Structure formats: structure tokens, C-alpha cells
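Notebook open, coffee ready. Today I'm poking around in one structure and jotting down what I find.

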Amino acid sequence: ATVAVAQQGAQQRYVGLQLLNLNAEPDYGADIIEQSVGAGANLVVLTIYWDEVYKTATSQPDWRQPDLQMEQIARLGIKAGIRIMLGRKAERLQGFWTPNEIMNDDLGRPLWGVYGRTCFSFAHAPTVTKAQSFLKEVCQRYNAYQSQGNILYVTFVNTPTQELGYHYETELNGDYKQVYPTGFDYSSPSLEAFKGWITQQYKRINKLNYIWGTKFTSLNDVRPPTTAYRPLPAYRTRAGKDWYLFSHLQLKNFIDQSIRTIKQVNPSYKVVNEYGAVIDVQAAVRGTIAFKNLDENADGTKVHNDLYWNHRFI
């Protein structure tokens with residue numbers, strides 16, 4: 001994939017390679033980096049996978065691939081971008097989080113996507129803390145490159161498509177042929193957090209039922225609207241708007257915490273929030289329509305593109 005970056009207030013532009021690193025071999029990517037630089041690239045963005053550095057909770061970390069790639073980039077005299085992937089393969093969750101903390105849809109089915117990766121709930125504080133520890137470790141490891149001016153920006157992503165936010169679909173039983181659109185996150189930690197938030201907002205069940213047009217018997221029984229298979233109509237209701245706002249706040253808390261973690265290692269790190277969409281119909285499900293608020297503490301925004309959508313507004 002190619003990536004283009006223009007720094008605000010600066011004349012320098014960067015066009016280069018976004019290296020997905022789907023091959024986990026230590027020496028992977030060297031020839032691709034050389035070819036890209038030979039073609040005029042002045043930037044290579046590396047994807048560093050939590051579940052490849054730490055394949056299990058007890059294994060020794062394997063930094064060989066990103067170490068070699070960073071050394072090569074510095075040697076070639078171009079800029080590096082670091083993209084930290086916080087999702088994990090479904091078979092590599094033990095010791096990190098359990099099925100109860102995976103993002104779920106309203107049918108109780110887990111987030112499962114391309115490359116077999118899934119993600120934890122933003123509402124589960126212990127797992128969020130583990131993710132923050134990995135962010136910190138990555139930034140500490142490559143801090144010398146940052147101090148030398150070799151790193152252009154850092155981004156962190158969590159969805160199966162290596163983007164930030166909520167995913168817009170899932171695979172039934174992990175089968176890519178049985179994919180369907182849906183919203184997230186209906187996991188137990190998220191629903192408990194939602195009940196607490198709803199209670200603060202409405203105080204009384206009668207008030208909520210009047211505004212939502214529902215018949216819940218108590219605030220403890222309140223559930224967000226269903227989104228599986230046909231997610232978009234839910235966000236047009238008052239209940240759906242509340243669900244969106246709650247989800248937005250969960251995502252924003254995670255983003256702000258992650259940016260603080262990175263900046264605590266070195267305040268000069270430039271942090272970019274990387275989304276799949278912010279203006280098309282999927283942005284409601286992804287939770288990224290209010291990207292300006294999500295990016296309040298970020299240094300930049302990166303939005304993925306596709307020929308299928310009309311992206312003139314971006």
C-alpha cells in the first residue's frame with residue numbers, strides 16, 4: 001500500500017510504502033523497502049504486531065523483523081512511520097484477554113475479521129492496560145530513532161483491517177464466506193459500562209422509556225439497539241444516538257490514554273489517528289464521524305481511501 005503525508009505548515013512531502021508485514025519472517029520486507037526507495041519513496045511505514053512480538057503471554061518477545069526494518073530505513077536515510085497493531089489472532093488470546101472481553105455484536109458473536117484477528121473491548125480496563133504497556137514498549141524500543149529524527153509519526157490500530165475504532169462487520173464462526181455487517185461493542189464489559197452511563201444520563205427509567213419509545217422495566221434492563229445484519233437504521237433512533245455517543249466516549253478515552261502513553265515516552269513523537277472512514281456510510285458503525293473530537297490530542301489524521309467511495313470531502 002502507498003501512503004502520502006503532508007506536514008502542516010511545512011513544504012516537505014512524503015510519499016512511500018505502507019508495509020503491512022503480513023509475512024512474519026524476520027527478514028521479510030528488505031527487498032520491498034529497497035525497491036520503494038529506488039522508485040523515489042522517502043517514507044516507509046512499518047506495521048508492528050502485538051501478537052507477533054508476543055505470540056504467547058509467557059514467550060520472549062521477538063523484535064527481529066521491526067528491528068531489521070528500522071535499521072534498513074535509517075541506513076537508507078528516509079523516514080519511518082510506526083503502525084502498532086493491537087488486535088490479536090483469535091488463537092493467541094490466552095493470557096491477554098478472554099472471549100468475554102472480545103468485542104461482540106448484539107447476537108453475542110465475537111468480532112472476527114480478515115487475517116483471523118480480533119480485538120478487545122475498550123471497556124475492559126485490565127486489557128486496555130496491557131495494550132498500553134505494549135505501546136509504551138514499542139515507543140521505548142525505537143526512541144533512539146525518534147531522537148535522531150528518523151521517525152515521522154506513530155499510529156496505533158485495533159481492528160482486523162488495521163484501523164482505529166470499531167469494526168463494521170464480522171465473520172460467522174470465523175468463516176470469511178459468512179461475513180455480515182454489524183455494529184460493536186456488545187461485550188459484557190461494554191454493556192455494564194453502558195448501563196452505568198445511561199443511569200447517569202436519565203436517572204429514571206420512565207424518562208428513558210419516554211424519550212426512547214421503549215418499555216424497559218428498570219435501568220438495569222436497558223440494552224442498546226440491535227445492529228446485526230442491518231446496522232445503519234439503528235443510529236437514526238434516539239436510542240441509537242445515545243449508543244453512538246457512549247461508543248464515541250469509550251473510543252475517545254482509549255485514544256486519549258494511548259496518546260498520553262506514547263507522549264510520556266517522548267513528547268516529540270507525532271501521533272496520528274488512522275481511520276478506515278470518517279464521512280461515508282460506514283463511519284457511523286466505525287464510530288469515526290466525530291473524528292475532530294477524537295483527534296483533539298493527536299498530531300494528525302490519516303484516513304484510508306477506496307475508489308468505490310466518493311471521497312471529495314476528505
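Which residues of helix H7 (residues 205-212) are buried? I looked them up and got Ile205, Leu208, Asn209 and Trp212. Note to self: this is a predicted model.

Next I checked how those residues sit around the helix. They cover an arc of only 95 degrees around the axis, so they end up on the same side of H7. That reminded me of a class rule: an α-helix has 3.6 residues a turn, so residues three or four places apart point the same way. The buried residues of H7 pack against helix H6 (188-202) and H8. On the face turned away from the buried side, I found the exposed residues Asn206 and Tyr210. Just after H7 comes glycine 213, with a positive phi of about 75 degrees.

Then I moved on to H8 (residues 238-265) and its crossing with H4 (residues 125-141). Their axes come within 9 Å and cross at roughly 30 degrees, and the crossing is right-handed. From H4, the contact includes Val128, Leu135 and Cys139, while H8 brings in Phe254 and Ile262, among others. Sorted by class, I get six nonpolar, five polar and one charged residues in this contact.

Last entry: disulfides. How many are there? The count is zero. The sulfur of cysteine 119 has its closest cysteine sulfur 18 Å away, in cysteine 139, which is too far for a bond. A disulfide here needs the two sulfurs within 2.5 Å. Both cysteines are buried: cysteine 119 has a relative accessible area of 0%, and cysteine 139 has 2%.

Methods:
Residues are numbered from 1 along each chain as its sequence is written. This is a predicted model: local features need pLDDT of at least 70, side-chain atom pairs count only at pLDDT 80 or more; totals for chains, interfaces and linings use all residues. Side-chain values use heavy atoms; hydrogens and water are left out. Buried means under 20% relative accessible area, exposed over 50%, partly exposed in between (1.4 Å probe, protein chains only). Axes are lines fitted to C-alpha atoms, for helices over the stretch in contact, and angles run from 0 to 180 degrees between N-to-C directions. Helices (H or I, at least four residues) and strands (E, at least two) are DSSP runs, numbered from the N terminus. A crossing is left-handed if the near helix is turned anticlockwise from the far one by less than a right angle, and right-handed if clockwise. Contact means heavy atoms within 4.5 Å. Ala, Val, Leu, Ile, Met, Phe, Trp, Tyr, Cys and Pro count as nonpolar, Asp, Glu, Lys and Arg as charged, and the others, Gly among them, as polar. The arc is that of the directions from the helix axis to the C-beta atoms.
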